[in-house]
Amino acid sequence: MSAIDGLQSALGGEYAAVYGYEVTAAKSDGDLRASLVRALNVHRANRDALRARIVAQGADPVAAEPAYVVPDVSTSTRARAFATAMEQRMGVTYAQLISEPDADTRTIGLNGLRDSTIRAAGWSGIVQDLPGIQQPSAR
């Protein structure tokens, strides 16, 4: 995978995270909603920074999908579980950038992996054993 492909993949993930947090925040209230909005704003900033980086490298950023699948987030437990899952997926996406030869791209990957791991732990109360490594499915 090229650096641009990795950045495009991260951008696609950020689009999905922004959408997911928008829906989840809209269906939440109180402190949970405030926390979801803070995470949403981080993902919006990440999305914008990735788009700018891709354009600066002479490529066209991938477009967002018209919609993304969001599970039932009608309870605090479900909203937190979905936020955890989104952050874990972002960690996997950002971890792919760490092997790129370009130092700036590696830094984006490291920062994204660190930040998504911290947010996932904040939502779930659990630190994933190997953040950024996709866990095998249970059989």
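Helices are DSSP runs of H or I with at least four residues, and strands are runs of E with at least two, numbered from the N terminus. The model used in these exercises is predicted: local features need pLDDT of at least 70, side-chain atom pairs count only at pLDDT 80 or more, and totals for chains, interfaces and linings use all residues. Residues are numbered from 1 along each chain as its sequence is written, and side-chain values use heavy atoms, with hydrogens and water left out.

**Exercise 1. Place Ser-116 in its surroundings.**

Step 1. Start with the secondary structure: Ser-116 belongs to helix α4.

Step 2. Next comes accessibility, where buried means under 20% relative accessible area, exposed over 50%, and partly exposed in between (1.4 Å probe, protein chains only). Ser-116 has 0% relative accessibility, so this residue counts as buried.

Step 3. Now look for contacts, meaning heavy atoms within 4.5 Å. Leaving out residues up to four places away in sequence, Ser-116 touches Glu-87, Met-90 and Gly-91.

**Exercise 2. Find the aromatic pairs and classify the one formed by Tyr-21 and Trp-123.**

Step 1. Recall the rule: rings of Phe, Tyr and Trp (its six-membered ring) pair if their centres lie within 6.5 Å; planes under 30 degrees apart count as stacked, over 60 as edge-to-face and the rest as tilted. Searching the whole structure gives two aromatic pairs.

Step 2. For Tyr-21 and Trp-123, the ring centres are 6.4 Å apart and the planes stand at 35 degrees, so this pair is tilted.

Step 3. Tyr-21 sits in helix α1 (residues 3–26) and Trp-123 in helix α4 (residues 103–124), so the pair ties together parts that are 102 residues apart in sequence.

Step 4. To finish, check accessibility: Tyr-21 and Trp-123 are both buried.

**Exercise 3. Work through salt bridges of the model, beginning with Arg-44.**

Step 1. Apply the criterion: a side-chain nitrogen of Lys or Arg within 4 Å of a carboxyl oxygen of Asp or Glu. The structure holds seven salt bridges.

Step 2. Arg-44 pairs with Glu-22, with 3.0 Å between the closest N and O atoms. This bridge links distant parts of the chain, 22 residues apart: Arg-44 is in helix α2 (residues 30–56) and Glu-22 in helix α1.

Step 3. Arg-44 is partly exposed at 30% relative accessible area, and Glu-22 is partly exposed at 35%.

Step 4. Turn to Arg-78 and Asp-72, whose side chains form a salt bridge at 2.3 Å, N to O. Finally, salt bridges with shared partners join Arg-53, Asp-102 and Asp-104 into one network.
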